[in-house]
Amino acid sequence: MLWGELVLSFRDELGDMKQTKVLCVGGAGFIGSHLSHKLAQSEEYAVAQADIWDAKLKIRFENEPFAFHHVDIASDHDTLNDLVADHDVIFNLASKASPRAYVQDPLSVAKLNLFDGSNVIDACVRHRKKLVHFSTSEVYGKAMGSDEPFSEDHTNCVTGPIRNHRWIYSTTKQLLDRMIYAHGKQNGLEFTIVRPFNVIGPLIDHVMVASDDGAPRVFSYFMSALLNGEAMRLVDGGKALRTFIHVDDLVNALVTILDHREQSNGQIYNIGNPKNEVMIADMAVMMRDIFHDIYSPAQGLSDIVSVDGQEISGKGVEDTERRMPNIDKISQLGWTPKIALKELLEDTMHYTWDNRHRLTQAAMDAIN
């Protein structure tokens with residue numbers, strides 16, 4: 001081997017040694033596909049995905065290669081264990097988030113979010129791997145209402161009565177947060193918990209569904225209605241207030257956490273954009289106007305109607321009037337969200353319109 005080749009070989013090996021190996025469990029979904037693509041562009045990280053389908057990864061990566069492993073965390077214990085052992089940082093994004101499912105199939109929600117999710121946590125403890133766990137803003141439940149933004153370390157987690165089993169998602173995710181925290185205290189687990197607040201962006205889940213399919217994300221629900229030529233239905237008048245964050249801002253927050261591994265250890269971070277707070281009824285009008293002006297100027301404006309929440313999700317549904325994050329903690333790491341509400345709505349609507357046929361096929365692949 002010539003000297004120059006030897007130097008290049010040494011540099012290649014050194015570069016591989018310096019790379020942090022990241023495994024995204026549940027990494028083929030909406031957020032996971034964006035996070036995976038972002039990390040794949042960096043020389044600091046080598047990223048792989050473990051999931052049960054890869055349709056969105058194929059769309060996000062286009063013709064670029066990606067390291068996908070077909071894994072069901074409920075049953076493929078040996079494969080999951082080996083993958084966790086072979087990586088440095090594990091993102092756990094596996095979850096089932098759908099208010100309709102909370103009410104109509106609560107046991108499957110609990111199984112995936114808590115029991116199957118514990119398989120990922122246990123593997124991280126067993127092999128002493130850094131865990132970045134996706135919790136949810138829903139763990140705050142009905143706490144505090146409209147008084148103050150939710151604080152990761154001070155806000156109580158308050159939910160409704162047992163018969164309103166819509167809260168099974170919130171409580172199982174909260175219990176997993178507590179188990180992770182306990183593993184940190186008792187077993188030295190290195191972890192960071194993140195709580196996203198209403199993420200929107202290209203490849204968002206559950207677009208192109210029929211109105212009675214109960215899309216779990218309000219954007220998807222409204223966009224599907226617009227694409228299908230149906231009325232936009234407001235749950236209980238759409239009076240609830242929510243904040244929305246672009247998936248690119250969210251991914252940048254996750255990379256910031258990776259870049260501050262020691263400082264973020266043992267911490268919980270809200271990830272949202274308080275400046276993008278909007279009443280759901282007003283959001284429906286914004287989306288309708290954007291859609292009408294760009295895609296259907298010759299058609300009349302879509303109807304916007306109010307419906308009872310139980311008509312959408314069934315008995316046992318309940319909600320909270322406001323969900324506002326305090327983001328002071330993660331801002332101390334140097335991250336701030338940048339994309340405003342109108343811009344993120346337009347970006348996601350443009351992408352969905354331009355790729356509606358591919359998204360429909362991806363949704364069908366997931367079902368099949």
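**Notebook: a small sheet, helix α8 and a pocket**

I began with strand β9 (residues 241-243), which pairs with β12 in the antiparallel sense over three bridges; I note here that the model is predicted. Looking up one residue of that pairing, I found that L241 has M279 of β12 as its bridge partner.

I then followed the sheet outward and recorded an open arrangement of three strands in the order β12-β9-β14, with mixed pairing. β12 (277-279) and β14 (322-323) each have a single partner strand and stand at the edges, so one side of each is left without a neighbour in the sheet. Checking what lies across these strands, I found helix α11 (residues 280-295) over β9 and β12, with a direction at about 90° to β12.

Next I asked how many of the residues of helix α8 (residues 218-228) are buried. I counted eight of eleven, and so entered the helix as mostly covered under the cut-off of under 20% relative accessible area. The buried residues are F219, S220, Y221, F222, M223, S224, A225 and L226. Just beyond α8, I noted that G229 takes a positive phi of about 70°.

Last, I turned to the second largest pocket, for which I recorded a volume of about 280 Å³. Its lining has 14 residues, and those closest to the pocket centre are E152, D153, R178, R195 and I268. I looked up which elements contribute, and found that α7 (168-187) and β11 (267-271) each supply at least two residues of the lining, with α7 giving the largest share, four residues. By class, I entered the lining as three nonpolar, five polar and six charged residues.

Note on methods
Residues are numbered from 1 along each chain as its sequence is written. This is a predicted model: local features need pLDDT of at least 70, side-chain atom pairs count only at pLDDT 80 or more; totals for chains, interfaces and linings use all residues. Side-chain values use heavy atoms; hydrogens and water are left out. On a 1 Å grid over the protein atoms alone, a cavity is a set of points where a 1.4 Å probe fits but cannot get out, and a pocket is an open set with protein on both sides within 12 Å along at least five of seven lines; lining residues have an atom within 4 Å of a point. Grid points are joined across faces, edges and corners, and a volume is the space filled by probe spheres set on the points. Ala, Val, Leu, Ile, Met, Phe, Trp, Tyr, Cys and Pro count as nonpolar, Asp, Glu, Lys and Arg as charged, and the others, Gly among them, as polar. Buried means under 20% relative accessible area, exposed over 50%, partly exposed in between (1.4 Å probe, protein chains only). Two strands pair if DSSP finds at least two bridges between them. Contact means heavy atoms within 4.5 Å. Axes are lines fitted to C-alpha atoms, for helices over the stretch in contact, and angles run from 0 to 180 degrees between N-to-C directions.
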